[in-house]
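Open the model in your viewer and keep the selection tool at hand. The stops below tell you what to pick next and what to look for once it is highlighted.

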Amino acid sequence: MSDTVIDATAAAGKPATPRLASRHLPRWSPLAIAAGAIAIAVAIGAGAGLTSHIQWGLIALALFVAGSYAITARVEGRRQAKDRVATSLVWSSFILAVVPLYSLVETTISKGVGVLDGTFLTHSMNNVLTIQPGGGVYHAIIGTLEQVGIATVIAAPLGMLTAIYLVEYGKGRLAKWVTFFVDVMTGIPSIVAGLFILSVWFVALGKAPASGFAGSLALALLMMPVVVRSTEEMLKLVPNELREASLALGVPKWRTTVKVVLPTAVGGITTGIMLAIARIAGESAPIALLVFGSAAINTNPFKDPQSSLPYYIFEQYNNGNQPSYDRAWGAALVLIAFVMILNLVARVISRWKAPKAGR
Amino acid sequence: MTTTAPPATRPEPHRAAKTVSRPGDRIFAGLARGSGILLLVVMAAIAVFLTVRAAHAISKDHGNFLTTFEWTPSLNPPVFGIAVLAYGTVVSSIIAMAIAVPIAIGIALFITHYAPRRLGGPIAYVIDLLAAVPSIVYGLWGALFLVPHLRGVNLWLDHYFGWTYIFHKEDPNSAARSLFTVGILLAIMILPIITNVSREVINQVPKMHEEAALALGATRWEVIRLSVLPFARSGIISASMLGLGRALGETMAVATVLSASPTLSGHLLDPVGGTFSQNIVAKFGEADDFGRDALIASGLVLFLITLLVNGAARIIIQRRKEYSGANA
């Protein structure tokens, strides 16, 4: 149907247009081709009795790409046809990616909201049978906050100092090595970080007692390179004129760094640290090896197993029954909310405090 | 004419005073250098500790560590090997890359060149946020949502493409807890990160290159093929390598989805196999001290593999110094 219309337009335009002016498809032609493709796909799908609507969609997509290529190639030439195919491929890759990502967020929210209430947030799993509904994530939230807090206290100052070293002092071989190994550390899989702390525990203590602190050490290991990287980027953005002005006034270098350079970059550094926190808050692999998880509230991170939100989700999933799945979704929603809030706040800070004079 | 000649520069009253060394300066510089050194020490410690424990385990292994399928360090004599794990890790990551890289490049191009201006920014922002979703949530979603929904796809692939061997499924009715599903889930997980880094690189393509191509009458696709992709190639490759590094080390998403068993199968849809990190989490609970050492040995291998991949990515980035996307 669309085919004939376009041919007519093309034929009508033909005698009038000189050789140089290329022929064009009308602007609405992609829509027409899409409508045609969908119609044919529905016909094929219904005719062949394909039950899955995803297959209908795929057939329609294939028809659309092939159809627009054929029609454009006839009217506008091969180059334009390739351009159209590229356009439709780019659009379809976007749609293809949006579907699962949207589904992930949608599923988590719709399944999690049903579980989320005051009881869920303020109760632990102590004395709750896993096959029963009820219980909550209070102990896991406490665990996550404590472990992430300790990790931040360790990793943030060390990471910032390392970045200061690299930007303000670092020259020569040591700085090169540090830069290189920061890169290497960025790539450490979280489970390997867990194994490393475990092996240190073995060698140092001869055994591996579970504690939140062990988990935070592994998290700090994962967090540090991220902090170094982001702080480094931010310090590099601080204009050299500021440093020079301060030094010219006779201010010692360390005071220049602390009072001039750091305050200028504080927004970006805070953002970087918060993004790093958001990243380690979702780590469960090292927790599984080092903290073990527990059903009861344990506020002491230095002794006995604790729980944590990501590990709680894993635990509940492994219980393998519906009430546990529900709790897992609820905890997933809490965790996503936590991470997203950190992300959003971080971005707001970076907008608000962005260094005005870049480079 | 405006130059009122400056007074002849007076000779400096005294030679540039040599920098006064204040205690505050020394302490601060020491602290900064110290934390840099601490980082190196920690890295060295990781290598040494892991190697020591791993060597201890491997020396007592009565199977061949590289070619044995089973993971039974508790037997007497202990027998364990990484063949299945290495195969599963590599295969699932390859599937993930094969799916994720083209789509990620597509999305990056969509955001930078195809989407309406007003949409591009927010889309990039949302994808940025999605990169922060914890892996365990992907794992939960994968196991409870993706696995049942991929059943039909599995049947379809087995029915029409079973002849390709890799898509043949031994038991068509078994759940889709296979390396193939893991690959798809990993692809979804690493999509945001590859997209973000590629998008940043593509944004840095000089506008002049594109305008030059346009002025020569190139179509949009030709602009991308001739000026955007060649410029961004190395950045896209290193973005993909970063994604690959994530996929190789991913633990929880694999542990929840894969139905593991010490079988090495060329049929991707069969619910068998394992990966390094999945095996570590699964076997850790029941492992005694020696079993843990064995797991540490497998972790060391994983570490080395990711080290190689990341190193390659860094080298590619280094060649393009102006682009500093290593902070992803």
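In this predicted model, begin by selecting helix α7 (residues 172–186) and helix α9 (residues 212–237) of chain A, whose axes lie 8 Å apart and pack at an angle of about 130°. Because angles from 65 to 115 degrees count as roughly perpendicular and those over 145 as roughly antiparallel, this angle makes α7(A) oblique to α9(A). Turn the view until one helix lies in front of the other, and you can follow how α7(A) passes α9(A) in a left-handed crossing. Now show the side chains at the contact, which are A:Val182, A:Met185 and A:Thr186 on α7(A), facing A:Met224, A:Pro225, A:Val228 and A:Arg229 on α9(A). Sorted by class, this contact of α7(A) with α9(A) holds five nonpolar residues, one polar residue and one charged residue.

Next, stay in chain A and select helix α2 (residues 29–48) together with helix α3 (residues 53–75), whose axes come within 8 Å and cross at roughly 135°. That angle makes α2(A) oblique to α3(A), and here α2(A) passes α3(A) in a right-handed crossing. Among the residues that make the contact are A:Pro30, A:Ile33 and A:Ala34 of α2(A), and A:Gln55, A:Trp56 and A:Ile59 of α3(A). Which classes of residue take part in the contact of α2(A) with α3(A)? If you colour the contact by class, you will find 15 nonpolar and five polar residues, and no charged ones.

Keep A:Pro30 marked and add A:Val200, which sits in helix α8 (residues 190–205) of chain A. A distance drawn between the C-alpha atoms of these two residues, A:Val200 and A:Pro30, should read 63 Å, while along the chain they are 170 residues apart. A:Val200 counts as buried, because 20 other C-beta atoms lie within 10 Å.

Two residues with a particular backbone angle come next, one in each chain. Select A:Phe292, in the loop between α12 (285–290) and α13 (309–319) of chain A; this residue has a positive phi of about 70°, although it is not a glycine. Then move to B:Tyr165, in the loop between α4 (135–161) and α5 (179–203) of chain B, where phi is again positive, at about 75°, in a residue that is not a glycine. Is B:Tyr165 buried or exposed? With 10 other C-beta atoms within 10 Å, B:Tyr165 is exposed, whereas A:Phe292, with 22 such atoms within that distance, is buried.

Now turn to chain B and to what its record says. The unreviewed UniProt entry places a feature called "domain: ABC transmembrane type-1" at residues 86–313 of chain B, and in the model this span is 76% helix and 0% strand, with its end C-alpha atoms 21 Å apart. The UniProt annotation "transmembrane region", also from an unreviewed entry, covers several stretches of chain B, including residues 123–147 and 179–202. Residues 123–147 of chain B are 84% helix and 0% strand, with end C-alpha atoms 27 Å apart, while residues 179–202 of chain B are 100% helix, with end C-alpha atoms 32 Å apart.

Finally, show both chains together and look at where they meet, for 66 residues of chain B are in contact with 75 residues of chain A. Helix α1 (residues 23–59) of chain B gives the most to the side of chain B that touches chain A, with 17 residues. Coloured by class, that side of chain B divides into 42 nonpolar, 16 polar and eight charged residues.

Notes. Residues numbered from 1 in each chain as written. Chains lettered and ligands numbered in written order. Predicted model: local features only at pLDDT ≥ 70, side-chain atom pairs only at ≥ 80, totals over all residues. Contact = placed C-beta atoms within 7 Å. Helix = DSSP H or I, 4+ residues; strand = E, 2+ residues; numbered from the N terminus. Nonpolar A, V, L, I, M, F, W, Y, C, P; charged D, E, K, R; others polar. UniProt positions renumbered as here; feature names shortened; annotations may be inferred. Axes fitted to C-alpha atoms, helices over the stretch in contact; angles between N-to-C directions. Parallel < 35°, antiparallel > 145°, perpendicular 65-115°, else oblique. Left-handed = near helix turned anticlockwise from the far one by under 90°. Buried ≥ 20, exposed ≤ 12 C-beta atoms within 10 Å, placed from the backbone.
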